[in-house]
Amino acid sequence: MDSNVADNVPDKDSLNSSRATLSNSNPSVTDFGAFWDGIASPTTVAAGTAASPAGPSGAVRPPPDRRFALAMTASAAILASSALAAWLTRTEPAIAPLDSVAIAADAGNNTQERAVNLAGPDQLIGALVEAGVSRDDANAAAIAASPHLASGSEIHAILVIVPGAGKGGALLQQLRATRLDGSGVILARAADGSYAVTPILAAISRNIEVLRGEIDSESFYTSAVSAGLIDTLIPEFINAFSYDFNLASEISPGDVFEVAYDQEVNGQGEAIGQPKLLYAQLTTAKKSLALYRFQTTDDDSGWFDGNGATTKRGLMRTPVDGARITSKFGMRFHPVLHYNKLHGGTDFAAPTGTPIFAAADGTIEFAAMKGANGNLTILRHDNGWATYYLHQNVFAPGIAAGTRVTQGQRIGDVGTTGRSTGPHLHYEVHIDGERIDPLSIPTDEASRKRLDGAALQAFLKERDRIDTARSQRTN
C-alpha cells in the first residue's frame, strides 16, 4: 500500500468511536456501520493467492486509492446528514421581554425609593438621616439643594437610596425636591461621589375662576362658603361694597352675588398662593352693582364701576370688616345701665381682632383709653365732620394724635374694652357737634372720582379681559 495513502486512512478504533458518537446524535448514521467496517478492516491474503482485499462478506475489496476516495465521500455525506438533522430539529433561542429584563435589573440593584413631604427645606437633613443616610452625606445634599429651595415653602421630596452602600449608612443615589409651584432641584450621585445639581424651573399659569351664589337665610358668609368662595376673599368682597351696601342689613335670602378671582396654579392644576379678587357683583331686590378691581398708575388699587367711576365717596357705610349690625341709632334699653338711653351710633358685632377702617380721609384727633368708651379713636375729616370708633381691642401701629390717614386705612381692631358686653365696634358720626345716624347719611355721587385719558383706556381693557373670562367660564 502507498504510505501516503495509509497515513490518511483512519484507524479502526477512531472510526468506531466516531460512528458511536454520530449514531447517538443522529440514528440515521448507523446505516453506514457496515461501510465503515469494510473500509477499516485489515486485508487478509491467503498464501499463493492475489492480494485482492475482501469485505466482511467475502467480496473483493477495491484498491486502496479507491477506498480513500470512498472514505472521503462517506464522511462528507455523514456531515451533511448531521447538519440537515440539526437544522430540522432546531429551536428558537429564548429572549426575555424588556419588562422582564428591567425587573431583573431592578432586583439586582438594591435601590429603594421614598417620598416625603416637608414643611420646609430645613427639614431635609432630618428626613435623609431618618432614611438611613449618614449625617455627613445628608448635610452635603442639603447644602447642594438649599440654593434652589426657598425658605419657608413646603417641599415634596423623592429619595432614591441604596441601603448599606454608603459610609455608615445608606447611599443617597438621587434626590428630587420640588415646591408647590413646580420649581426645585435634582441631585444625582456622580462617579466621584459628589452631587450633580440640576435646577427645576417653576411651571406656573394663571386662571380666572368665576363663582355664583344666592344669599341664604343665615348670612353672606355662609352663602359665600356654600358657593365655594375661598374664605380669604369674603372680606374683600364686603369691602368692595362698603360704600354702596350694608351687607348686614340690606341683603335678603334669594339675592344673587358673583365673583371672579385670579389664581396661580402649578403644572398639576393645584392652587398656589393667595387668590386675588378681580370682580364682585351683588344684585338685590332694590339695586344691582358690578365692580372691577383696577390699579391706577399711582399704585392706588381700588374698585370701579363699569364706566370707570370709583366707589369711594363721602363716608364708608361699613367701616369694619365683615361685621353685622346688632344695634342701630336711637333710643334703646341699655344692656348694662338697664334704662332707656339714646344710642348715639351703630354697633357692628365682629370677632376680636377684626380690622376697623377709617371711614374717610382725615387726621387722628384722639387715640387712647377713655373710660366707658374703652380704646377710642376720633378722626377729624376734611369737611369738618368727625367719626368715633369705640371699644377697640388695640390701635393699629402708627395711629396717634396728629397722624394723617386715608379712607379705608386700618386704624385698629374690634374689641370689648370699656363698658361693653361683647366684641363689637360702636361707630358714631358727628356733624357740627351733633351725633347723626350713620346709616341715614346719603352717599355723595358728586364726590366720586372718574378715570379719564390713558387710565380710563387701561381700565376698559382690564374690564373687557375680566368679562371675557367670565363669559368663557359660564358658557
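**Exercise 1. Which residue in strand 7 stands opposite Asn207?**

*Solution.* Keep in mind as you work that this is a predicted model.

Step 1: Start with the two strands. Strand 6 covers residues 205–214, and strand 7 covers residues 256–265. They run antiparallel and are joined by ten bridges.

Step 2: Look across from Asn207, and you meet Gln263 in strand 7.

Step 3: Now zoom out to the whole sheet. It is open and has five strands, ordered 6-7-8-9-10, with antiparallel pairing. Strand 6 and strand 10 (301–304) sit at the edges, since each pairs on one side only. From one strand to the next, the twist averages 25 degrees.

**Exercise 2. Find where the predictor's confidence is low, and decide how to treat those parts.**

*Solution.* Step 1: Take the chain as a whole. Its mean pLDDT is 77, and 73% of the residues reach 70 or more.

Step 2: Pick out the weak stretches. Over residues 17–60 the pLDDT stays under 50, and the model has 48 contacts beyond four places in sequence for them. Residues 87–108 also have a pLDDT below 50, and this stretch has one contact beyond near neighbours in sequence.

Step 3: Apply a general rule. Predicted coordinates should not be read in detail where pLDDT is low.

**Exercise 3. Work out how the buried residues of helix 7 are arranged, and what they pack against.**

*Solution.* Step 1: List the buried residues. In helix 7 (residues 135–145) they are Asp137, Ala138, Ala141, Ala142, Ala144 and Ala145.

Step 2: Check their directions. Around the axis they cover an arc of only 165 degrees, so they lie on the same side of helix 7. A general point helps here: an α-helix has 3.6 residues a turn, so residues three or four places apart point the same way.

Step 3: Turn to the face that points away from the buried side. There you find the exposed residues Arg135, Asp136 and Ile143.

Step 4: Name the packing partners. The buried residues pack against helix 6 (124–130), strand 3 (169–178), strand 4 (184–189) and strand 5 (195–200).

**Exercise 4. Trace the hairpins that link strands 3, 4 and 5.**

*Solution.* Step 1: Strand 3 and strand 4 run antiparallel, joined by five bridges. Gln174, for instance, has Ala188 in strand 4 as its bridge partner.

Step 2: These two strands form a hairpin with five residues between them, and in its turn Gly182 has a positive phi of about 90 degrees.

Step 3: Move on to strand 4 and strand 5, which pair in the antiparallel sense over six bridges. Here Leu187 stands opposite Val197 in strand 5. Five residues lie between the two strands of this hairpin, and Gly193 in the turn has a positive phi of about 90 degrees.

**Exercise 5. Describe the aromatic pair that joins helix 8 to helix 9, then the surroundings of Glu236.**

*Solution.* Step 1: The whole structure holds twelve aromatic pairs. In one of them, Phe220 and Phe237 are stacked, 4.7 Å centre to centre with 15 degrees between the planes.

Step 2: Place the rings. Phe220 is in helix 8 (residues 220–226) and Phe237 in helix 9, so the pair ties together parts 17 residues apart in sequence. Both residues are buried. Ring pairs also link them with Phe241, Phe245 and Phe257 into a cluster.

Step 3: Glu236 is also in helix 9 (residues 234–240). Its relative accessibility is 24%, so Glu236 counts as partly exposed.

Step 4: Beyond residues up to four places away in sequence, Glu236 touches Leu277, Arg293 and Trp303. Glu236 and Leu277 are 41 residues apart along the chain, yet their C-alpha atoms are separated by 7.2 Å.

Note on methods:
Residues numbered from 1 in each chain as written. Predicted model: local features only at pLDDT ≥ 70, side-chain atom pairs only at ≥ 80, totals over all residues. Heavy atoms only, no water. pLDDT = per-residue confidence, 0-100. Contact = heavy atoms within 4.5 Å. Buried < 20%, exposed > 50% of the residue type's maximum accessible area, 1.4 Å probe, protein only. Helix = DSSP H or I, 4+ residues; strand = E, 2+ residues; numbered from the N terminus. Arc of directions from axis to C-beta. Pairing = 2+ DSSP bridges. Axes fitted to C-alpha atoms, helices over the stretch in contact; angles between N-to-C directions. Phe/Tyr/Trp six-rings, centres within 6.5 Å; stacked < 30°, edge-to-face > 60°.
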